[in-house]
Number of protein chains: 2
Amino acid sequence: MVKKKKQQTLSTEDKILAAARKVFTTKGKAAARMQDIADEAGINKALLHYYFRDKNKLFDTIFLAEAKKFFPRINMIFELEAPLFEKIEKFVAEYVDEMRINPYLPLFVLNEINHDPKRFLQKIWGKGTMPKPEKFLQQLDSEIKKGTIRKIQPMQLLMNMISLTIFPFVAEPMFTYVLRMPDKKFDELMEQRKVEIPQFIIASIKK
Amino acid sequence: MVKKKKQQTLSTEDKILAAARKVFTTKGKAAARMQDIADEAGINKALLHYYFRDKNKLFDTIFLAEAKKFFPRINMIFELEAPLFEKIEKFVAEYVDEMRINPYLPLFVLNEINHDPKRFLQKIWGKGTMPKPEKFLQQLDSEIKKGTIRKIQPMQLLMNMISLTIFPFVAEPMFTYVLRMPDKKFDELMEQRKVEIPQFIIASIKK
DNA sequence: ATTTAGTTTAACCATTTGGTTAACAAAAGT
DNA sequence: ACTTTTGTTAACCAAATGGTTAAACTAAAT
């Protein structure tokens, strides 16, 4: 007889959501099987359809939840009211912390967005909640005019910041394999990046 | 009488490869349908199996070909015999050029690697052809000791270089949507990055 | 104790999908 | 000429997969 352990405490719906999250994020939407999710949740396949009508509905639920962990961090830097360098430090640190917990996140989100950009991007920012980079870009412009940082295209600097922060998590398997790096070493490197990246950026633009 | 060139049209095998490449890279392996590929190639589905036994064989053929466009560029920087800054400029420029032609490439390759790292990474570098970053990392060490660049962990600098170069192509749909950027504008930005990225890196580390 | 509403399951169904077969056409040998 | 090999197709098949159904179980409400 199969003993249920910790999961006994979780509601069926939560068990499904946890299972779906695991299967979808590791295999991707197309390769994920409803049966896999049912097995992972330790329930019957029909029960999936009882709680979530169909695969799309279940996927959208998971995707939206995951995307909300991914994107608000990008927004943050646009909304925040703070000096430039402080903003950069905060953005990188918070992002790296989140991704260290969920390293699968960026590739999952970016990949599904790539497969159907309109569908997902509109789903994430239904109406007026879309990120507005203008303020941040203006802040960069203003710092350049003040002469506190060297001349650089604000859009390029923004891209650099995001690239430096997110990419290593997208390419984790490649890095760890090519650089013969155990997972623990990779995680240490990511922790270091919380100071490394801001240092690198600021050293490049500070006058 | 004017002689016609032989094979003005593509051979069936080439039509299949082109079609498979398109379908696999846009939809991913799991979501790609053999029928889609047959349609795209304008042939019967059975003919696919005549040329390539099954889906896995066909996919591996495509994946290997694409991965070979993606990875040698990473190797290049490790093999090349040149001054550091020149190396950086060359790496970025060549990589950006390649990705501008095949923007789908990084996400496709990284995504499939993520789904089964051992299988693909071993398939790409069968035995002794694996990239060896040691020389490049040593060069960085040596430049730091000489005092031509500031103190920085070589591994972090390597990651920064790769991240800055590749990430924008992985996140293209996100960038163009969030920053309300037409495709042409994005492409222009990428062209600019060929000088922007080396400048950014060198400004950060040069002493 | 009986009803009722929600939960769960085994069995089933329809469609999709990768893959095969057999027939046939076009080249290539002989 | 005719035989063999290679290229191509329509029809078919079995397995996989998403989804449904009806019945059974459970726990609370009446």
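Visitor: How many helices and strands does the secondary structure of chain A come to?
Guide: Keep in mind that this is a predicted model. Read along the sequence, chain A goes α-α-α-α-α-α-α-α-α-α-α-α, and its C-alpha atoms fill a box of roughly 70 × 45 × 30 Å along the principal axes. The count for chain A is twelve helices and zero strands.

Visitor: Let's look at the DNA. Which residues are the closest to DNA strand D?
Guide: DNA strand D has 15 residues around it. By class, that surface holds eight nonpolar, three polar and four charged residues. The closest ones come from chains A and B: R33(A), K45(A), K55(A), Y50(B) and Y51(B).

Visitor: And what percentage of the atoms of DNA strand D within 4 Å of the protein do sugar and phosphate account for?
Guide: Take the 15 residues that surround DNA strand D, then turn to the strand's own atoms that come within 4 Å of the protein. Sugar and phosphate make up 60% of them.

Visitor: How far is a phosphate oxygen of DNA strand D from an N or O atom in the side chain of R33(A)?
Guide: Let's go through a few phosphate contacts of this strand. A polar backbone atom of A32(A) is 3.5 Å from a phosphate oxygen of DNA strand D, and a polar side-chain atom of Y51(B) is 2.9 Å from one. For the side chain of R33(A), the distance is 2.7 Å.

Visitor: Which helix gives the most to the surface near DNA strand D?
Guide: Two helices each supply at least two residues there: α3 (45–51) of chain A and α3 (45–51) of chain B. The one that gives the most does so with four residues, and that helix is α3(B).

Visitor: Now the other strand. Which residues come nearest to DNA strand C?
Guide: There are 14 residues around DNA strand C. They divide into seven nonpolar, three polar and four charged. On the strand's side, 60% of the atoms within 4 Å of the protein belong to sugar or phosphate, and the rest belong to bases. The nearest residues are Y51(A), R33(B), M34(B), K45(B) and K55(B).

Visitor: How far is a phosphate oxygen of DNA strand C from a polar backbone atom of N44(A)?
Guide: Side chains from both protein chains take part here. An N or O atom in the side chain of Y50(A) is 3.2 Å from a phosphate oxygen of DNA strand C, while a polar side-chain atom of H49(B) lies 3.5 Å from one. For the backbone of N44(A), the value is 3.1 Å.

Visitor: Where does the largest share of the surface near DNA strand C come from?
Guide: Again, α3 of chain A and α3 of chain B each supply at least two residues. The largest share is four residues, and it comes from α3(A).

Visitor: On to helix packing. Is α4(A) parallel or oblique to α7(A)?
Guide: Helix α4 (residues 55–70) and helix α7 (residues 105–115) of chain A have axes 10 Å apart and pack at about 120°. That angle is why α4(A) counts as oblique to α7(A).

Visitor: Is the crossing of α4(A) and α7(A) left-handed or right-handed?
Guide: Among the residues that meet are F59(A), F63(A) and F70(A) from α4(A), with L105(A), F108(A) and I113(A) among those from α7(A). The contact has ten nonpolar, no polar and three charged residues. The crossing is left-handed.

Visitor: In chain B, are α1(B) and α2(B) parallel or oblique to each other?
Guide: The axes of α1 (residues 12–27) and α2 (residues 34–41) of chain B come within 8 Å and cross at roughly 130°. The crossing itself is right-handed. With that angle, the two helices are therefore oblique.

Visitor: Which residues of α2(B) meet α1(B)?
Guide: The α1(B) side includes I16(B), A19(B), V23(B) and F24(B). Counting both sides, the contact divides into seven nonpolar, no polar and five charged residues. From α2(B) come D36(B), I37(B), E40(B) and A41(B).

Visitor: Between the chains, is α12(A) roughly parallel or roughly perpendicular to α10(B)?
Guide: Helix α12 (residues 183–205) of chain A and helix α10 (residues 154–170) of chain B have axes that come within 10 Å and cross at roughly 75°. An angle from 65 to 115 degrees counts as roughly perpendicular, so α12(A) is roughly perpendicular to α10(B).

Methods:
Residues numbered from 1 in each chain as written. Chains lettered and ligands numbered in written order. Predicted model: local features only at pLDDT ≥ 70, side-chain atom pairs only at ≥ 80, totals over all residues. Heavy atoms only, no water. Near = heavy atom within 4 Å. Polar contact = N/O pair within 3.5 Å; in protein donor to acceptor, adjacent residues only side chain to side chain. Nonpolar A, V, L, I, M, F, W, Y, C, P; charged D, E, K, R; others polar. Axes fitted to C-alpha atoms, helices over the stretch in contact; angles between N-to-C directions. Parallel < 35°, antiparallel > 145°, perpendicular 65-115°, else oblique. Left-handed = near helix turned anticlockwise from the far one by under 90°. Contact = heavy atoms within 4.5 Å.
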